[in-house]
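Good morning, and thank you for joining this short presentation. Please look at the sequence and the structure as they appear on the screen, and I shall then speak about one pocket and its surroundings.

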Amino acid sequence: MSGIEQARKTAEGLEYLSGFGNEHHSEAVPGALPLGRNSPQRAPLGLYAEQLSGSAFTEPRAHNRRSWLYRIRPSAAHPPFVRADNGTLRTAPFTETVPDPNRLRWDPLPEPAPGTDWLAGLWTLGGNGDAAQRTGMAVHLYHADAAMERRVFSDADGELLIVPEQGGLLLRTELGLLSVEPGEVALIPRGVRFRVEPLDGSVRGYVCENYGQPFTLPELGPIGANGLANPRDFRVPVAAYEDVEGDVEVVNKFCGNLWTATYDHSPLDVVAWHGSHVPYVYDLRTFNVMGTISYDHPDPSIFTVLTSPSDTPGLAGVDFVVFAPRWLVGEDTFRPPYFHRNVMSEYMGLIEGAYDAKTAGKGGFVPGGGSLHNMMSAHGPDRETFDRASAAELRPQRIDDGLAFMFETRWPVTATAQAANADHLQSAYDDVWQGLERHFRS
């Protein structure tokens, strides 16, 4: 059985806990989880008790993230880390180029070199803020065709929201295993170690690295108690561990650089755990879409799945927004998203199909590609979409032939040099708005 077949078989048999922000608990061996206390004098089964804190000890209880891990060896038992090559991975502050007010769009990443694993296949498009100050975000893409063999990664700079576009992934984390397919997203919290195995021959997708406050569910306000992403639809792994001796490379991303150490064992050796600093998977097709049942296209904030709050209420460090299958029924309404200039900056990607405000096909907005509309950059439907929507018969219409998403952030996104000079950067993106004619009649 090939590695991909074995990974697929493992993924198909996984079980999960459910719920967002819960105090979960799980044990892979009965009796491994201590009762009544977190750090007993002698942890059960000869394990080591260790707390993993994703927030400061004294942050408000509603925002506090931490998990207790019961592991075969303590994390502290490791050799020194040494600097490694960063490859095509970049981190804020982004200073290679200046922020660009132009509208930018990229085709999908080119094919990777054979044997490229997920970590080596990460390619940074841009971002904002400062990872060392725990503010801002980065947009990465990945294209890979190999498993991370005896190699583990963790990110001290932020949490990673993984959005597969082509091919599924098996994520082996310290807290258990997750399977994530196109149409789903997975989140790996800050500092959690994990390994990625492809479930298909070639895997491709997007990553939002969030340096700021952890993603949480948006407030619902007058929507009420239900809607958007329902907490029970988030799936959390059950405990699973590796008791593996021998050399394992552990790569740590710290303040923008990769550091590596060779352990004599696998650090994915957590036998039991409890807490709230946990990885999870969410199926975007379960998103409960809200929209107009009278007139006008709603603001895209109504499609927010997850938000990273800032110090200003309602102003996110980064929002993750999905344009999921939905009905359009607005009367006397231009139904695609409207022409817009925005104080926020928007990176949009496409998981499958087509987006209702953009022309698909070669040279257009295609799965695996992406567009960047920075702060106050004018954007909106292209000419072909405008002409079609302006003349359409306004019958109830179901939009289910595409799945697009957006990383929306409070600060402009500065492109990396490799993104600004990439061969797959579309040189004629502005042309999609050419031909929008003058129709004014006084």
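By class, the lining of the second largest pocket comprises 13 polar, 11 nonpolar and 6 charged residues. Please keep in mind that this is a predicted model.

The second largest pocket encloses about 550 Å³ of space. Its lining is formed by 30 residues, and those closest to the centre are Arg-134, Arg-190, Tyr-211, Gly-212 and Gln-213. Three elements each give two or more residues to this lining, namely β3 (48–53), β8 (135–144) and β21 (304–309).

Where does the second largest pocket lie with respect to domain 1 and domain 2? The domain assignment divides the chain into domain 1, residues 3–284, and domain 2, residues 287–425. Both domains give residues to the lining, and therefore the second largest pocket lies between them.

Let us now turn to the two domains themselves. The C-alpha centres of domain 1 and domain 2 are 27 Å apart. In domain 1, 60 residues are in contact with 51 residues of domain 2.

The size of an interface is often expressed as the accessible area that is lost when the parts come together. Between them, domain 1 and domain 2 bury about 4,700 Å², with 65% of this on carbon and sulfur atoms. Of the area that domain 1 buries against domain 2, Arg-105, Trp-106 and Leu-284 supply 17%, more than any other three residues.

How many salt bridges are counted between domain 1 and domain 2? The count is 0.

How values were computed
Residues numbered from 1 in each chain as written. Predicted model: local features only at pLDDT ≥ 70, side-chain atom pairs only at ≥ 80, totals over all residues. Heavy atoms only, no water. 1 Å grid on protein atoms, 1.4 Å probe; cavity = no way out; pocket = protein on both sides within 12 Å on 5 of 7 lines; lining within 4 Å. Points joined across faces, edges and corners; volume = space filled by probe spheres on them. Helix = DSSP H or I, 4+ residues; strand = E, 2+ residues; numbered from the N terminus. Nonpolar A, V, L, I, M, F, W, Y, C, P; charged D, E, K, R; others polar. Domains from an automatic or database assignment. Contact = heavy atoms within 4.5 Å. Buried area = accessible area lost by both parts, 1.4 Å probe. Salt bridge = Lys/Arg side-chain N within 4 Å of Asp/Glu carboxyl O.
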